[in-house]
Amino acid sequence: MGNTVLITGAATGFGRGVAWGLAQRGHQVIAGCQIWPQVWEMRNAAKAEGLNIQVIKLDVLNEIDRNHALTLEIDTLFNNAGIMESGPMVEIPMPVFRSVFETNVFAALELAQGFAKAMVTRGSGRIVWTSSVAGLVKVPFDGAYAASKHAVEAICSAMHDELQPYGVQVVTVNPGAFRTGFNDTGMESMDQWWGQGDRKVAHWPVRELNNQHDPDQMIEAMIEVIEAENPPYRTVRPASAEAMVKKEQQEVWDRRASPDQVT
């Protein structure tokens, strides 16, 4: 007997990979896609591969879509939908900065609140939240995204303790750099507005992201977290990213405002 799992942001990347993997393993998968063409494409792709996946329209920013999703009975919410907008903190337009929080934080929290209340009433359930390595360390030129994921970390940490007495589990999965296209387009996104104003600091150095990891590694870890009876609170992949996070968090305690000055 499998879980019933709702996945947001299921049309591409990790969401799609996890949807496919869970369906192949016999779980009841509800895949939320942002726009109708993605719904149509994913339904046809699943049918072509003989996978039983319920595909719904779920733009997490759309109140009607969220309310429709909240009528569903699920065991696990995989809170996965997210966006990345890059740019130096002193230059990124505030509407762009806010848009990152609207999707990654506020909309995701509204869904989590709705499903968590049903899970509390039932006395069971799990919310698996796609955070990021960027939620645990500094990421120059990607501060808006990193800030939103730091907020996700704070929310999940609080929800973990608040919901534990009611039998509801809250855990995070924290991808590093994987080859899904998410980081590539996120890095490119600042070029949409960079030329529309007088800039005082440098553009993010343009470079190809050639050292990203195979996303299958992260998808496998996400499926393990969803299936495990008692998964770890935090799952970081790849292992090299976990080591980097622990090292940087320790170094923060020795950081100075000006690294070349001695007190």
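**Exercise 1. Classify Phe 141 by its solvent accessibility and describe its backbone in this predicted model.**

Step 1. The relative accessibility of Phe 141 is 28%. Buried requires under 20% and exposed requires over 50%, so Phe 141 counts as partly exposed.

Step 2. Phe 141 sits in the loop between β5 and α5 (143-163).

Step 3. The phi of Phe 141 is positive, about 70 degrees, although this residue is not a glycine. Most residues other than glycine have a negative phi.

**Exercise 2. Which peptide bond is cis, with omega near 0 degrees, and where is its proline found?**

Step 1. The bond in question runs from Arg 237 to Pro 238.

Step 2. Pro 238 belongs to the loop between β7 and α8 (239-251).

Step 3. For comparison, most peptide bonds are trans.

**Exercise 3. Give the strand order of the sheet and identify the strands at its edges.**

Step 1. The open sheet has 7 strands, in the order β3-β2-β1-β4-β5-β6-β7. Their pairing is parallel.

Step 2. The edge strands are β3 (53-57) and β7 (234-237). Each has a single partner strand, so one side of each lacks a neighbour in the sheet.

Step 3. From one strand to the next, the twist averages 15 degrees.

**Exercise 4. How many bridges join β4 to β5, β5 to β6, and β6 to β7?**

Step 1. Between β4 and β5, which run parallel, there are 4 bridges. In this pair, Phe 78 stands opposite Val 128 of β5.

Step 2. The parallel strands β5 and β6 are joined by 6 bridges. Here Ile 127 is opposite Val 170 in β6.

Step 3. Strand β6 (residues 168-175) is joined to β7 by 4 bridges, again with the strands running parallel. Thr 172 has Arg 234 in β7 as its bridge partner.

**Exercise 5. Describe how helices α2 and α4 lie relative to the sheet strands.**

Step 1. Helix α2 (residues 36-48) lies across β2 (28-33) and β3. The angle between α2 and β3 is about 170 degrees.

Step 2. Helix α4 (residues 94-122) packs on the sheet and touches β1 (4-7), β4 (76-79), β5 (125-130) and β6. The direction of α4 makes about 165 degrees with that of β5.

**Exercise 6. Are the residues of β5 buried or exposed, and what surrounds Thr 130?**

Step 1. β5 is mostly covered, with 6 of its 6 residues buried.

Step 2. Gly 125, Ile 127 and Trp 129 point one way from the strand, while Arg 126, Val 128 and Thr 130 point the other way. All of them are buried.

Step 3. Thr 130, in strand β5, has a relative accessible area of 7%. The cut-off for buried is under 20%, so Thr 130 is buried.

Step 4. Leaving out residues up to four places away in sequence, Thr 130 touches Phe 78, Asn 79, Asn 80, Lys 149, Val 173, Pro 175 and Met 222. With Asn 80 there is a side-chain to side-chain polar contact of 2.9 Å.

**Exercise 7. Which side chains make polar contacts with the side chain of Asn 174, and is Asn 174 buried or exposed?**

Step 1. Asn 174 lies in strand β6, where 7 of 8 residues are buried.

Step 2. The relative accessible area of Asn 174 is 0%, and this residue is buried.

Step 3. The side chain of Asn 174 makes polar contacts with the side chains of Thr 172 (2.8 Å) and Ser 131 (3.5 Å).

Step 4. Beyond four places in sequence, the residues that Asn 174 touches include Glu 153, Met 218, Arg 234, Thr 235, Val 236 and Arg 237.

Step 5. Asn 174 and Gln 250 are 76 residues apart in sequence, and their C-alpha atoms are 18 Å apart.

**Exercise 8. Characterise the crossing of α1 and α7.**

Step 1. The axes of α1 (residues 13-24) and α7 (residues 215-227) come within 9 Å and cross at roughly 55 degrees.

Step 2. This angle makes α1 oblique to α7.

Step 3. The crossing is right-handed.

Step 4. On the α1 side, the residues that meet α7 are Phe 14, Gly 17, Val 18, Gly 21 and Leu 22. Their counterparts in α7 are Pro 215, Met 218, Ile 219, Met 222, Ile 223, Ile 226 and Glu 227.

Definitions and conventions: Residues are numbered from 1 along each chain as its sequence is written. This is a predicted model: local features need pLDDT of at least 70, side-chain atom pairs count only at pLDDT 80 or more; totals for chains, interfaces and linings use all residues. Side-chain values use heavy atoms; hydrogens and water are left out. Two strands pair if DSSP finds at least two bridges between them. Helices (H or I, at least four residues) and strands (E, at least two) are DSSP runs, numbered from the N terminus. Axes are lines fitted to C-alpha atoms, for helices over the stretch in contact, and angles run from 0 to 180 degrees between N-to-C directions. Contact means heavy atoms within 4.5 Å. Buried means under 20% relative accessible area, exposed over 50%, partly exposed in between (1.4 Å probe, protein chains only). A polar contact is a pair of N or O atoms within 3.5 Å; within protein, one must be able to donate a hydrogen and the other to accept it, and residues adjacent in sequence count only if both atoms are side-chain atoms. Angles under 35 degrees count as roughly parallel, over 145 as roughly antiparallel, 65 to 115 as roughly perpendicular and the rest as oblique. A crossing is left-handed if the near helix is turned anticlockwise from the far one by less than a right angle, and right-handed if clockwise.
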